[in-house]
Amino acid sequence: MEKANKSQEILIQGKIWKFGDHIDTDAIIPARYLVSTDPEFLGKHCMEGADAEFPDKVRPGDIILAGENFGCGSSREHAPLAIRGAGIACVIANSFARIFFRNAINIGLPVIELPNISDKCDTGDELVIDQEKQIVRNTTKNITIPFQPFPPFIQNIINAGGLISAVKKGLI
């Protein structure tokens, strides 16, 4: 995530990796890798359960896009850590499993719930996410989709890099 200018506008720009519905936490980070909580280690195995080649193809700043109920299954906190460790800048999905959504917020991983987004984007499309204007622009297909902003306390957690950092900084 990069700060685009002095007005604190936050832009995320990256290539999409598209996944389907009901991607569970075991597909995000298979159980055999739960011996560590190191994001870099976990990132080397991110999404192996859904696409064995993903860890070799993904690049820092890329974006995961998924259908319904992304992050369902167990409440393992390793799943958003693996995504962060792989260098993913943001996850956008039609909907998220609630525990995954909260775990992602707690580590400062931006997640955007946008119904029907998976129908409008494909793997390889380039996205620009403007959090200040609350829009996702698919620059490949030349479409713009608005999204609901986070409440300020959640945005503070994300901006701080996670819940622990936000508490230490006195933001919440």
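**Exercise 1.** In this predicted model, determine for strand E4 (residues 90-93) which residues lie on one side and which on the other, and whether they are buried or exposed.

*Solution.* Begin with the general pattern: along a regular strand, side chains point alternately to the two faces of the sheet. In E4, Cys90 and Ile92 lie on one side, while Val91 and Ala93 lie on the other. Next, apply the cut-off, by which a residue counts as buried when its relative accessible area is under 20%. All four of these residues are buried, and both faces of E4 are therefore covered.

**Exercise 2.** Work out which strands pair with E4, and in which sense.

*Solution.* Take strand E3 (residues 63-66) to begin with: four bridges link E3 to E4, and the pairing is parallel. Within this pairing, Leu65 has Ile92 of E4 as its bridge partner. Between the two strands the chain passes through helix H4 (residues 78-85), in a β-α-β crossover that is right-handed. Then turn to strand E5 (residues 111-113), which is joined to E4 by three bridges and runs parallel to E4. Here Glu113 of E5 stands opposite Ala93, and E4, helix H5 (residues 98-106) and E5 together make a β-α-β unit that is likewise right-handed.

**Exercise 3.** Locate Val167 and decide how its accessibility should be classed.

*Solution.* Val167 belongs to helix H7 (residues 163-168). Its relative accessibility is 48%, and because the partly exposed class spans the range between under 20% and over 50%, Val167 is partly exposed. As a last step, consider the surroundings: Val167 joins Phe153, Leu171 and Ile172 in a nonpolar surface patch, whose accessible area together is about 360 Å².

Definitions and conventions:
Residues are numbered from 1 along each chain as its sequence is written. This is a predicted model: local features need pLDDT of at least 70, side-chain atom pairs count only at pLDDT 80 or more; totals for chains, interfaces and linings use all residues. Side-chain values use heavy atoms; hydrogens and water are left out. Patches are made of residues with over 30% relative accessible area and no salt bridge: like charges are joined within 9 Å, nonpolar side chains (Val, Leu, Ile, Met, Phe, Trp, Tyr) within 5 Å. Accessible areas come from the Shrake-Rupley method with a 1.4 Å probe; for residues, only the protein chains shown count as cover. A salt bridge is a side-chain nitrogen of Lys or Arg within 4 Å of a carboxyl oxygen of Asp or Glu. Buried means under 20% relative accessible area, exposed over 50%, partly exposed in between (1.4 Å probe, protein chains only). Two strands pair if DSSP finds at least two bridges between them. A crossover is right-handed if, with the strands pointing away from the viewer, the path from the first strand over the helix to the second runs clockwise.
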